[in-house]
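Let's take a walk through a protein structure together. Have the sequence and the 3D view ready, and follow along at your own pace.

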Amino acid sequence: MMKYTIKHRTWYAYAEAAPVCHNMLHLAPRDTSRQVCAEYRRRIVPEPAFMTRRTDWFGNFVDYFSIEGSHNGLEVTSQSVVQVSPTPKLTPSDSLPWEGVVRLSTPEATAADLTIYQLTL
């Protein structure tokens, strides 16, 4: 298993003070069958007046925040520690044939079949 530390920093310096701002972050890693987020920290300056988290259709975390006071800049930093398992070796029999993929992506597909669409957006 590999262990990765991921650091991110975004900052803005405004020419004039901004009275308010609304933002969305897509920085928090999610757990998958091969990936575990062991640690996630984020820092926002100035401190948000409001913050909430939701999960998008793909299972990714989306953090929404607003700063509701005059500010001359914005800084967002995050740090994650992610543990990743090696990719299993695949053989052609582990995958659907092309004809099967086409059948799953037709208008007759059921809701369960539509998971294939997340790979096309």
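Before we start, one term will help: a residue counts as buried when its relative accessible area is under 20%, as exposed when that area is over 50%, and as partly exposed in between. Please also keep in mind that this is a predicted model.

Let's begin with the sheet. Three strands form an open sheet in the order β1-β6-β3, and their pairing is antiparallel. The strands at the edges are β1 and β3 (35-45), each of which pairs on one side only. On average, neighbouring strands of this sheet are turned by 10 degrees against each other, direction ignored. Look at β1 and β6 (residues 71-84): 13 bridges join them in the antiparallel sense. To see one bridge partner, find Trp11, which is matched with Glu75 in β6.

Now stay with strand β1 (residues 2-18), where you will find Tyr4. Tyr4 counts as partly exposed because its relative accessibility is 42%. Together with Met2 and Ile6, Tyr4 makes a nonpolar surface patch of about 300 Å².

Next come the aromatic rings. How many aromatic pairs does a search of the whole structure find? There are 2. Phe50 and Tyr64 form an edge-to-face pair, 5.9 Å centre to centre with 65 degrees between the planes. Phe50 lies in strand β4 (residues 50-55) and Tyr64 in strand β5 (residues 61-67), so this pair ties together parts that are 14 residues apart in sequence. Trp57 and Phe58 also form an edge-to-face pair, at 5.2 Å centre to centre and 85 degrees between the planes. Trp57 is exposed because its relative accessible area is 58%, whereas Phe58, at 27%, is partly exposed.

Key. Residues numbered from 1 in each chain as written. Predicted model: local features only at pLDDT ≥ 70, side-chain atom pairs only at ≥ 80, totals over all residues. Heavy atoms only, no water. Patch = residues over 30% accessible without salt bridge, like charges linked within 9 Å, V, L, I, M, F, W, Y side chains within 5 Å. Areas by Shrake-Rupley, 256 points an atom, 1.4 Å probe, with all protein chains shown as cover. Salt bridge = Lys/Arg side-chain N within 4 Å of Asp/Glu carboxyl O. Helix = DSSP H or I, 4+ residues; strand = E, 2+ residues; numbered from the N terminus. Buried < 20%, exposed > 50% of the residue type's maximum accessible area, 1.4 Å probe, protein only. Pairing = 2+ DSSP bridges. Axes fitted to C-alpha atoms, helices over the stretch in contact; angles between N-to-C directions. Phe/Tyr/Trp six-rings, centres within 6.5 Å; stacked < 30°, edge-to-face > 60°.
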